[in-house]
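Q: Can you walk me through reading a structure, one feature at a time? I'd like the general idea and then the case at hand.

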Amino acid sequence: MKYEDYTAEEFFDRIRSFSAEDRELIEEAYRFADTAHKGQKRDSGEPYITHPVNVAWILANMKTDAESVAAGLLHDVLEDTDRTAVDIEERFGASIARLVNGVTNLQHYTYSAGQSHMKKQAENFRKFLLSVVDDFRVLIIKMADRLHNMRTLDYLSRSRINRIASETLDIYAPLANRFGLAKMRWELEDLSFKHLMPDTYKQIAMLVNEKKEARERYIDMVLDPVRTLLENAGIQAVTTGRSKHLYSIYRKSIHRDTPFEDIYDLAAIRIIVGSIEQCYEVLGILHRNFEPIEHRFRDYIARPKVNQYQSLHTGVIGPLGRMVEVQIRTHEMHMIAEEGLAAHWKYKESQGSSFTNGANFDEQLGWIRSILTQQASAPASEFLEFVKMNLYPEIIIAITPEGDYIKLPKGSTPVDFAFAVHTQLGFKTIGARINGKFVPLRTELKTGDRVEVITGSSPNPGKDWLEFMKSSRARQKVRSWLRRRELEDAIQLGKEIFEKRSRKAHLKFPDAEEFHAILKLMKITDENQLYARLGKGTLLFTDFEEAVRSHRDEPPADETDMEIEAREIHEFQGVRIGQIDSLLIHYAKCCNPVPGDQILGYTTRGRGITVHRVDCPNKGFRKLIEDEKERIIPLQWDSPASNTRQGFSVQIMVFAKSNRNMLKEIVNTFSRLHIELTQARMDKDVDGAKGWFTFRIQHRNELEQVFRALRKLPKILHIERVTGKNE
C-alpha cells in the first residue's frame, strides 16, 4: 500500500468546498498548530505539522464539519507542545477545545503497558469514552489520527510497529467497525495485517494481483445480465463488483478452514437503488432469474446490525455454476455502511433526507454508556479487557461464577460457554443457570450474563445441540463424539439383531475359523463391522444367511422375505421418536413432516428410519405402504415435540393480487413472528404474483400462525403448503 501525504498548500487547495468563514477557521487552526509544533520532527524526518495536516485532510475528505477539521489540526498541541487547553479555548472557543481535549485523553493509552500504568490507562480510556458520548466527533478525529499514523508506520522500530499495529487491530479497527466506519476499518485492518504478518500479507496480495483480471472478467459476466434485468424492470441502479480486503480474506480463510484462493474466488456484487421498496423488488428479480442459495439470505433492512448497517444479503448461483454474493441497499444505506457515524452527522445536518431508518445516535452510543455504568468500579485490567471484547458487535462476553470473562460468538448458548471453559465440561453439560435462573440449553447469552453450567456424571451431548451451537470448534467436537456414539449404537443394535435372528434361523458357529471365513467372503473385516452394518441397515441378515449357505454349499432357504429385520428394528426401537436414537432418524423431503403432523416411519437401507406424513403425496411412498407393510412403523412425536430438533424446514406458496411491495410485506411478517426465513422469492404471475418462502418452525402450530398472519395481508389470495421432490 502506498499513500500520498499532502502538503499544507495541497490541503488548502482541496478544502475549497468549505465556506469562506469555515476556511478562515481552518487556516487559523493551521497557523496556531504550525507555530506550536515549530522545530518538531516526525520519525520520518519531516516537519511534525505534516501529521496534523494529513489528519485534517482525512477529516475533510469525510466531509466532517469545520470544527472537526480544525480540531484535527490541533489534536497534538496539548500533548506535544507547551500550549494549554485554556489557550485553545480562548482562541477557538469551548467546542473545539473540548474536541482537542477529548482526543488527547487517549494519547497515553499503551497496548503493552505493565500493571503499574494500567490504572492510569484505564482512567484515560474512561475519559475518552465519556468524551465520545458527549461529542461523537472525538471518535472520528481520533480514528483519523490513528489512520495516518498507521499509514506512516514504516519509520518506527520493529517493537513499536508491532505494538501499535496490535493495538490498532485490537482497539481501533473494532472501534471503527462498532460505529460503522467501514472504510477506516478495512484500511486499519489491512495495514495492521501488513505489519504483523508480512509474509501472509504478501502471499494474499500476490494472489489478488494475479487473479485480478480473471475476477474482473467474471464480475462483468455476472453484472451484464443483472443490469439488463434491472433495466427491463425500469429500475435505475448502481451495480458494481465488490472487492475483498486482504485481512478479510485471511480472517475468512481461518474461520472457514478454507484456502485463500477459494475465499478470493468467491464473486461479490453490490446493487444500489433509490428506495427500500426497490431493494425488495431487486431481490425478487434476482431470485427469479438465478438459483438462490439456501441459508444465504439475510434481511438487515428489517433488522439492522448493531452499528446500524442495513442491506439485503443473498447468494445465488451465477454463470459457470459459481456462487455469487449479493448486497442490495439504497444510496443512504450505502453511505451509512461506508461512513457510519460520519454519515449520520451529514444526514442529520442535511434537509429533506429520505433516510428514515438510519444511524440512531443514542442507539449507537448506548453501548458505551452501558460499559461505563457496568464497569464504573471495575479494576483497570478488567475494564480494559471488557471494553476490548465489547468492541465486536458479533462477540458477546459471558462471565464464569469465579468472575472470569469468556468471549463467545454472538448467539452463543450455555453449551458454547461450557466448551469454551473446558471440553469435558461441555460434553457433560445437562443444564445451566444464567444470572441465578435455570434456563434451557438453547437460550442465547447476552454480554454480562453470569453463567453456571450444571453437569452430569458422564458425557451425553445431544444431536440437537448442533442446531443451536455457534462455536465451530465446539460443534466439530460434538460431531466427532456423535459419530463415535452412532457407531457404538449401530454395533449394539446390530449385535442384538444378529443374535436374535441367528437363534431363529438355528445358525451356530462352533468353529470361529468358519465364522471369520464367512466374513472374509463378504469382505467384512471383523465382527464389529458386521454388527455396525446390520445396525445401520446397510446389510440385511438374509445377506449373511446367504453367505453362510454359499460357504457351506447348502441349498437356498424357503424364506423369500428379505426384509424381516425391518420388523426386528421395529421391535428394538419402539414407536415414539424419542425412543429411537436421533442419529437413525431422517425426515422425508417429499412431505417435510413437522411436529403436530400425523406420521409414519419407513425402515430404509443404510439410513435408519425415514419419517413421512401420513398424508404424504409421494406416490412411491403410498405404494410402499401397500407393498412393503413390514417396513412401515407407526410413529408419534415426543412431547414437547419442539425438543426433537432446533427447527423443521417448511415451504409455502403464496398467491397475491399484486407484486408491488409484496415481498417486503411478507418478509416483515416473518420478522414480526420471529420465525427464521431461509429463502424468499416472488414472481410476477398472469393474475398477480406468486411467491415461495422457506422457513424453520418448531411445531405445526407455528405454521398455522404464519398462515393466519399472511391471510391478514390485503393482497393475499391463497396460501398452500408445498411438498418437496419425490424420494
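Q: Let's start with the sheet that holds β12, β13, β14 and β15. In what order do the strands come?
A: To read a sheet, follow which strand sits beside which. In this predicted model, the order is β12-β14-β13-β15, in an open sheet with mixed pairing. Two strands stand at the edges, β12 (585-587) and β15 (632-635); each has a single partner strand, so one side of each has no neighbour in the sheet. From one strand to the next, the twist averages 35 degrees.

Q: In which sense do β13 and β14 pair?
A: Look at the bridges and the direction of each strand. Residues 599-603 make up β13 and residues 609-613 make up β14; they pair in the antiparallel sense, over five bridges. For one spot to find on screen, look at G601, which has V611 of β14 opposite.

Q: Which strands does helix α29 lie across?
A: Here you look at the helix against the sheet. Helix α29, residues 619-627, lies across β13, β14 and β15, and its angle to β13 is about 75 degrees.

Q: Now two helices together: at what angle do α2 and α4 pack?
A: With a helix pair, check the angle and the spacing of the axes. For α2 (residues 20-36) and α4 (residues 66-74), the angle is about 10 degrees and the axes are 8 Å apart. Angles under 35 degrees count as roughly parallel, so that is the word for α2 and α4. Residues in the contact include L25, I26 and F32 of α2, along with V69, L73 and L74 of α4. Sorted by class, the contact has eleven nonpolar residues, two charged and no polar ones.

Q: Which residues of helix α26 are buried?
A: For burial, you go residue by residue. In α26 (residues 527-536), the buried ones are L530, Y531, A532, L534 and G535. They pack against three helices: α24 (472-505), α25 (512-521) and α27 (541-552). Have a look at the start of α26 too: there, D526 has a side-chain oxygen within 3.3 Å of the backbone nitrogen of N528.

Q: Last one: why is W186 called partly exposed?
A: You compare the relative accessible area with the cut-offs. Buried means under 20% and exposed means over 50%. W186 has 23%, so it counts as partly exposed. You'll find W186 in helix α11, residues 182-196.

Q: And which residues does W186 touch, beyond its neighbours within four places in sequence?
A: Those are H245 and E338. Also try S248: it is 62 residues from W186 in sequence, yet their C-alpha atoms are 8.1 Å apart.

Notes
Residues numbered from 1 in each chain as written. Predicted model: local features only at pLDDT ≥ 70, side-chain atom pairs only at ≥ 80, totals over all residues. Heavy atoms only, no water. Pairing = 2+ DSSP bridges. Helix = DSSP H or I, 4+ residues; strand = E, 2+ residues; numbered from the N terminus. Axes fitted to C-alpha atoms, helices over the stretch in contact; angles between N-to-C directions. Contact = heavy atoms within 4.5 Å. Buried < 20%, exposed > 50% of the residue type's maximum accessible area, 1.4 Å probe, protein only. Polar contact = N/O pair within 3.5 Å; in protein donor to acceptor, adjacent residues only side chain to side chain. Parallel < 35°, antiparallel > 145°, perpendicular 65-115°, else oblique. Nonpolar A, V, L, I, M, F, W, Y, C, P; charged D, E, K, R; others polar.
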